[in-house]
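Hello,

Here is the structure I promised to hand over. My notes follow below it, and I hope they are of use.

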Amino acid sequence: SRFASSLPGFRGALKQRYSDFVVHEVARDGTLVRLTSFDLPDERADTDDEAEADLPRALESFRLLCGDADCEVLRGFLSSVSEGDSDVSPIILSPDADKAHRLEVHDFFKRNFIFLVTDTVEHSDGVQRCIRVRLRSGPRGRRNRTGIGSSEPSGWRDDRPFDSRGSVTWPYHLGKFLRFHLYKENKDTQEALRVIGKMLGLQPRSFRIAGTKDKRAITTQQVTLFKVHASRLAALNNKLTGIKVGDFNYVKEGLVLGQLMGNRFTITLRSVIAESEDMIKVAVDGLIKNGFINYYGLQRFGSASVPTHLVGATLLRGEWRSAVSLILDPREGECDDMNGVREHYKEHGDIDVAIRNFPRRLIAERAILQRLKKYPGNYLQALMAIPRTLRLMYVHSYQSYLWNHAASMRAGMYGLSGVIEGDLVYKKECPGEGTVTDASENNDDHTNASEMDIFAETLPEETIQSVKIADSEDLLKAVYTLEDVVLPLPGSETLFPGNEVAGIYHEIANKDGISLTESIHGVKDLMTYTDDKIHLVETDLDVLSKAKPSEVNELLSTGASHDDSLDTSGATILAETESIGSSDLLPELAVKLSFTLPTSSYATMAIRELTKTSTSVDCQKALNS
C-alpha cells in the first residue's frame, strides 16, 4: 500500500501481449542466458596420438592400483586385442573382497579404457569376488582411445552370463549433465518441460532448473538433464511449438533451485497515457534513483477468488476440513462448467464423479479427491496428497501476505530515508554468499511432525545470509543504508525487527488465529506504434533467425530493436523515440524498460512503483480493454 517515492506515475498496460514481457535468466557467474545457437557440442575424445602416449601411463596407474600380476594380465589382454585377435577371451583379475577398491577399479576402466567393459563375479570359492574384463561388444572398425585396433569379438561362452549393466557407459570425457538453454513463448516453465519430457520419455523431475519463469512472457533460462545426449534434444526443435532448445554444453553438476544471480527484464508498457513524455522520463529517473519496495507480487497470491494466502492461514490454524473446502468449493469468476462440477461435489459428495470431471490441470483438487477416496474423512491425509511444492506455496503465500503488511508499516511509520534503530540489516561482517538449500532432499512424509513444520517450510529460493538488529552504535557510525534493511518471512523461530514493525506480524497473525511464536497444533525507450499486434521487442529467436534463417522455424515476426546490454545495477536509459507500424493510423505511445533484478524480486512491483497503478489482473484487464 506504499510507494518508495511521491513522484506521480502514468497509465500503461502491462503484458497486453506476451511478447511485451521478455525475461533472460542471469547465471551465477553473471552471464546473460540467451538462445544463440542450435549447434551440437563436440563429443569426441582425445586424439589417437595422445591416446597412444597415454597407454603406458594408464598401465602404470593400473599396476599401482591392482599390483604387478594383474597388470601383466591386462597387458597381455591388450596385446591380443591390438593384434586383431577376433576370439580374445575375457580376463579375470585377482580376488578382491574390498568393495570400495572394486568400485575404484571399475571407475579406472571407464576413464582409461572405454572400449572395455567390467563386471563383478564370484570367485570359485563362493566367497570372494573378482572383477572380469572383456572387450565391448559391437563393430569397432576404428581405432580406439588407446590406438589399439580390433575386429569384432566373438561372444564369450560361460555359465555365468556377463553383467551387462555396465556395458552402456556414459563417455568418460563428458560431464554427466547436459546443460541447455530453454526458450519458451507464452508457456509455464513446468508445462514446457512436460512437453519435452514426454517427447523424450522422461519424467518432469528429470529436469533441473534454477527457478521458474513467467508464463505470459518470452523467457530464456538454463536447464540441466542427467546423461542425455544433446542430439536427442536438438532433434525436437522441428516438432516443438513455442519452445526451442539450444546452446548445449556438458557439465559436471546439475542446477539446483536458487542457483542464479537474477533475471534481466525487457518490459513494454502499451497504451501509455501521461501528461507529457517529460513526466515519463521523470518517473523513470525516480525509479532508478529511489528503487521500489520489494513487495511480493500479486501473482504470489493467485488470481482466483479464493486467494492462496487464505488457504495458507487455514492450514496454519490446523483446520484441515476448512482448507479442503476452500480448495474444492465453488468460486466466483470461474467458468460455469467448472463451477457446476464444484457445486455437484459440494451438494452430493460423489468423489468418483468429481475425479472424472475435474480437469487434470487442477492438480491440488484431484490429489485431494483421490486421497479422500482412499481415506474417507481424513482431511489431513488429503492435504498431504497435494504435491509438496504446491502445498508449501499456500503457507508461503500467507507469509508473503504478512511480509507485505510489515513492509507497508515500515515505510509508513518511519519513512524510507534511512536505517532506524531496531531495523534488521544484513551483517557487514558476513558478506559471504551463504548457502542454498535444496528442498527436494527433505523427507515428504513427516506425518508425526507438527503441522507448522509440515506446511510452513520456506521454499528454497533465497540465499541465507546473517542478519542483525541495527543499534545506536550502527546508526552513529553510518555503517548501514536503507538498501541493507530486510524484513523476515515469519515463522516460529524468526528473528523479528527490534522496533514496532515486529508488532504488525503478530497483530495480523493473531487476528487470523495464528501464533508466530509456537505451532498452533504442535530503462526506458519511448516509441509510438499504430498496430497493436506488432512485437515491439526483438527476441532471441528473432536474432537467431537473422543469423541462420534456414535453421530456425520462426515463431515471431521481426521485432523493433535489440538491446544486448546487461546492466546489473538498474535501469538503462535510452533516449530514442521511434514510430512503428502504419503511418495512416493514430499512433499510441509505448515505453520499453530494461533492467536486471536479483533473485526474489518482482518486476511487476517495479512497474507498480513506476506507474503508481495496481498490477492486479482485474486492473490490467481494464487497461487492456
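**Helix H4 and its surroundings**

Asp-188 caps the N-terminal end of H4, with a side-chain oxygen 2.9 Å from the backbone nitrogen of Gln-190 (a polar contact is a pair of N or O atoms within 3.5 Å, one able to donate a hydrogen and the other to accept it; residues adjacent in sequence count only if both atoms are side-chain atoms). Please note that this is a predicted model, where local features need pLDDT of at least 70, side-chain atom pairs count only at pLDDT 80 or more, and totals for chains, interfaces and linings use all residues. Residues are numbered from 1 along each chain as its sequence is written, and side-chain values use heavy atoms, without hydrogens and water.

Helices (H or I, at least four residues) and strands (E, at least two) are DSSP runs, numbered from the N terminus. The protein has 19 helices and 16 strands, and 47% of its 625 residues count as buried (under 20% relative accessible area, 1.4 Å probe, protein chains only).

In H4, the buried residues are Thr-189, Ala-192, Leu-193, Ile-196, Gly-197 and Leu-200. They cover an arc of only 130° around the axis, so they sit on the same side of H4 (the arc is that of the directions from the helix axis to the C-beta atoms). Their packing partners include strand E6 (177-185) and helix H5 (230-234), with contact meaning heavy atoms within 4.5 Å. Just after H4, Gly-201 has a positive phi of about 75°.

Best wishes

Note on methods. Buried means under 20% relative accessible area, exposed over 50%, partly exposed in between (1.4 Å probe, protein chains only).
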